Amino acid sequence: MDGNKFDIVIIGSGLGGLACGYILSKEGYSVCILEKNQQFGGSLQDFKHDGVTFDTGVHYVGGLDEGQSLHQYFKYFNILDKLKYKRMDAGGFEHISYDNDNSFYKYGIGRENFVEILAQEFPKEKESLQKFVKEIREIGLRYPFYHLTDNAYHDTLNFDFLDVSIAKYFNEHFKSEKLKSILGGNNLLYAGNIENSTLYEHALITNSYIESAYRFTGGAGQIAKYLVRNIRANGGVVKRYQNVEKFIAKDKEIISVKLKTGETYFAKKFISNIHPINTLKMVEGAHIRNAYINRLNSIKNSSSAYSMHIVLKDKEKMPYQNYNHYHFKDYNVWNGEFYNKNNWPLNYMAFTPVNPKSNKWAESVIAIAYMNFEDVEEWKNTENVAGFEEERGKMYAEFKEKHNEIFLKEVYKVMPQLKGNIKSINVSTPLTYRDYLYSPNGSIYGYSKDYKNPLKAYISPQTKLNNLFFTGQNVNLHGVLGVTVSAFMTCGEIMGKEYLYDKVKMK
């Protein structure tokens with residue numbers, strides 16, 4: 001290998017970039033991954049605040065039991081036996097609740113268990129619930145790379161449920177308005193809304209968690225750590241503080257990437273793990289048709305979020321809760337991003353991360369609510385990442401203090417033990433997500449799906465330049481399983497999808 005010349009250069013070390021790096025280095029390609037930040041991992045990053053480790057984006061995963069897809073992928077990556085994780089409560093890994101309703105409604109792990117738990121509250125809907133879990137599983141079975149049990153790879157993207165609205169599906173299959181609300185209560189996992197969200201998006205995400213649900217002990221950053229270690233063991237190069245400024249193109253190919261320092265990296269092929277629009281803004285020297293750019297610009301991006309990472313004062317006052325809690329102000333679970341200044345937040349997710357020191361007590365709480373970028377737009381020209389911290393001033397600090405106070409009043413409804421037991425809070429706003437993920441306006445899930453035009457938001461890994469490829473959540477779906485699938489789809493464009501499927505499938 002000659003200096004900064006490689007077979008493949010990958011920009012961004014989020015899970016998509018790292019997974020591509022492992023797949024390709026395992027197959028003998030010379031690979032270099034360039035990360036602009038201090039820490040590898042993108043949404044896998046974790047951080048320490050007041051002595052406690054917090055996840056930034058990956059808070060739990062599904063499909064990790066033996067015989068399930070994520071288990072098989074982690075086995076392929078040679079990290080499964082190294083990860084530390086904890087199975088969530090089979091009797092209710094998700095709790096859904098509402099103002100003016102004293103009940104907690106639960107999702108159980110396992111299809112039969114899921115149905116039986118909800119059928120206790122809605123016995124007349126049991127048959128419809130059975131049909132629901134069967135159909136969302138079948139959608140996953142028919143989607144490329146989501147289930148690894150077939151003898152051969154099948155690429156069947158264009159099937160009939162792509163243009164089915166999740167709201168329409170619920171209305172046609174369930175009678176109880178409350179049950180419809182409960183079944184949509186996990187939509188913060190994909191920024192779902194009543195106007196656009198698809199059945200297949202809800203199905204692929206929900207099914208993986210019903211199969212099994214786990215939290216990581218000590219943070220999801222361990223996934224990135226072991227992937228980086230294994231890529232290097234395969235001969236790959238993974239570098240941080242490498243801020244790529246430009247893709248240099250000639251004719252219809254990228255020939256190099258140039259860093260802000262002036263250093264240049266050459267390769268035969270390039271993979272971008274950053275948002276497609278931000279990638280194309282960096283391309284210099286190639287004519288890319290306006291129709292392609294306009295199409296990517298016209299796709300709506302998902303909302304951003306406001307997250308509180310709370311360190312507890314008394315470590316033996318808040319019991320560890322082995323489930324996530326989704327709370328709503330009313331039974332309309334689909335309007336979270338359409339709040340105003342007087343009713344924010346309309347819904348939120350709150351949970352206690354795994355405490356490595358105790359199975360009984362929590363040491364921290366994370367609470368997440370939608371927040372749109374317009375709320376923090378006055379600070380849009382500032383940047384604040386590790387190693388480059390720009391002061392946003394007193395007004396920004398006051399903004400966070402005000403929103404913490406409002407948000408905490410809501411969280412106390414489901415976690416009354418939290419009141420008076422807060423040592424400190426670290427806050428992420430849409431600016432934080434923008435700066436660390438390099439996504440437009442801090443979008444947490446990238447491009448939104450739309451049942452009215454499902455193929456519009458379908459982003460091919462192959463770009464309009466011959467040797468530039470996309471990977472990550474915009475290619476497929478977000479989440480650990482979705483992004484892992486996207487990495488195989490990207491590498492499949494280079495090596496062949498059937499070939500890769502045979503490498504990873506369950507034997």
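These are my notebook entries on the cavities, a sheet and some helix contacts in a predicted model.

**Entry 1: cavities**

I began with enclosed space, since rolling a probe the size of a water molecule over the atoms shows where empty space is left. With a cut-off of 30 Å³ or more, I counted four cavities.

I opened the largest cavity and noted a volume of about 80 Å³. Its lining is made up of 11 residues. Nearest the centre of this cavity I found Tyr-143, Tyr-200, Lys-449, Pro-454 and Tyr-458. Sorting the lining by class gave me nine nonpolar residues, one polar and one charged.

**Entry 2: the second largest cavity**

Next I went to the second largest cavity, at about 70 Å³. Its lining includes Gly-63, His-147, Asn-207, Glu-211 and Leu-481. By class I wrote down four nonpolar, six polar and one charged residues.

Which helix gives the most to this lining? I found that helix 7 does, with four residues. Helix 7 spans 199-211, and I also noted helix 2 (69-76), as each of the two supplies at least two residues.

**Entry 3: the sheet**

I then traced an open sheet of seven strands, and its order reads 8-7-16-17-18-15-21. The pairing in this sheet is mixed. Why is one side of strand 8 and of strand 21 left without a neighbour in the sheet? Strand 8 (101-107) and strand 21 (422-428) stand at the edges and have a single partner strand each, so one side of each stays unpaired in the sheet. For the twist I noted an average of 20 degrees from one strand to the next.

I looked further at the strand 21 end. Strand 15 (residues 304-312) runs antiparallel to strand 21, and six bridges join the two. As one pair to look up, I picked Leu-312, whose bridge partner in strand 21 is Ile-422.

**Entry 4: a helix across the sheet**

Staying with these strands, I checked helix 11 (residues 393-411), which lies across strand 15, strand 17 (347-351), strand 18 (364-371) and strand 21. Helix 11 runs at about 75 degrees to strand 15.

**Entry 5: helix 4 with helix 5**

Last, I took up a helix pair. Helix 4 covers residues 126-141 and helix 5 covers residues 166-173; their axes come within 10 Å and cross at roughly 145 degrees. Which residues meet here? From helix 4 I listed Ser-128, Lys-131, Phe-132 and Glu-135, and from helix 5 Tyr-169, Phe-170 and His-173. By class, this contact has three nonpolar, two polar and two charged residues.

Technical notes. Residues numbered from 1 in each chain as written. Predicted model: local features only at pLDDT ≥ 70, side-chain atom pairs only at ≥ 80, totals over all residues. Heavy atoms only, no water. 1 Å grid on protein atoms, 1.4 Å probe; cavity = no way out; pocket = protein on both sides within 12 Å on 5 of 7 lines; lining within 4 Å. Points joined across faces, edges and corners; volume = space filled by probe spheres on them. Nonpolar A, V, L, I, M, F, W, Y, C, P; charged D, E, K, R; others polar. Pairing = 2+ DSSP bridges. Axes fitted to C-alpha atoms, helices over the stretch in contact; angles between N-to-C directions. Contact = heavy atoms within 4.5 Å.
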